[in-house]
Amino acid sequence: MPVHEEIVGPVPQGREPEEYDKLRRRVLWAMPYGLYVVGARAGERRNAMTLNFATQLATDPKMVGVSVWKEALTHELVGEGRVFALNLIDREDRAIVRKFVKPVEVDASSHTLNGFPFHDGPSGAPVLDQAVAWLDCRVRADLDCGDHTLFVGEVVDCGFQKPEETAVLRMEDTRMNYGG
């Protein structure tokens, strides 16, 4: 994940830049976020990564957006393959997200990503077998957002793999923070 060492503007007139930057980060970190694993595929290359910038964007057609750091392998794969699967993680499985912060070890013969079983969604993007639910998406558009790209995906399939009432992971359920 990227590390920002310089203060990103704008800084309102009359504010001390370093203190304002700290304040802005705290406010942004206070926004509620889910914590997901996004699966990506381009050809035979696959990856999965922890992601918290995800949201539903439209209802007709059903579309979701994921914002991916441009230097991540997942960014390259989504950009080339034009597909992704958004995996909703069980709150009880919170430790899993730490396993997907770097490019994964893919074992195609045993269908595992860092040792976690997966199957391919209809688009070909990897879906973790232990995810509560998943959304399989084809990229309809992408938007340059500075150091990230917002990939807009149309939901082409989805499903639950655990009971619908299973509590899903949120950023606040972990000690992780990203953004701000």
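Setting aside neighbours within four places in sequence, Phe100 is in contact with Val37, Ala48, Met49, Thr50, Leu113, Asn114, Phe116 and Leu128 in this predicted model. Phe100 also belongs to the largest nonpolar core, a set of 38 residues. Within that core, Phe100 is one of the residues that touch the most other members, along with Val66, Phe84, Leu86 and Leu128.

Where does this core come from? Two or more residues each are given by strands S1 (36–42), S2 (45–51), S4 (62–69), S5 (83–88), S8 (116–120) and S10 (133–145), and by helix H2 (73–81). Strand S1 supplies the largest share, at 5 residues. Another core, of 5 residues, lies apart from the big one, and its members include Val83, Ala85, Val127 and Trp134.

Stepping back to the fold, the chain has 2 helices and 11 strands. Read from the N terminus, the order of elements is α-β-β-β-β-α-β-β-β-β-β-β-β. Of the contacts with a separation of 6 or more, 62% are between residues 24 or more positions apart.

As for overall dimensions, the C-alpha trace spans about 55 × 35 × 35 Å along its principal axes. The radius of gyration is 17 Å, which agrees with a compact globule, because 180 residues packed that way would give a value near 16 Å.

Then there is the surface. Buried residues account for 44% of the 180 in the chain. The exposed area comes to about 9900 Å², with carbon and sulfur atoms supplying 52% of it. The chain carries 21 positive and 28 negative charges, and the mean positions of the two sets are 3 Å apart.

Key:
Residues numbered from 1 in each chain as written. Predicted model: local features only at pLDDT ≥ 70, side-chain atom pairs only at ≥ 80, totals over all residues. Heavy atoms only, no water. Helix = DSSP H or I, 4+ residues; strand = E, 2+ residues; numbered from the N terminus. Rg over C-alpha atoms; globule rule 2.2 N^0.38 Å. Buried < 20%, exposed > 50% of the residue type's maximum accessible area, 1.4 Å probe, protein only. Contact = heavy atoms within 4.5 Å. Areas by Shrake-Rupley, 256 points an atom, 1.4 Å probe, with all protein chains shown as cover. Lys, Arg positive; Asp, Glu negative; His and termini not counted. Charge placed at Lys NZ, Arg CZ, Asp CG, Glu CD. Core = buried A, V, L, I, M, F, W, Y, C linked by side-chain atoms within 4.5 Å.
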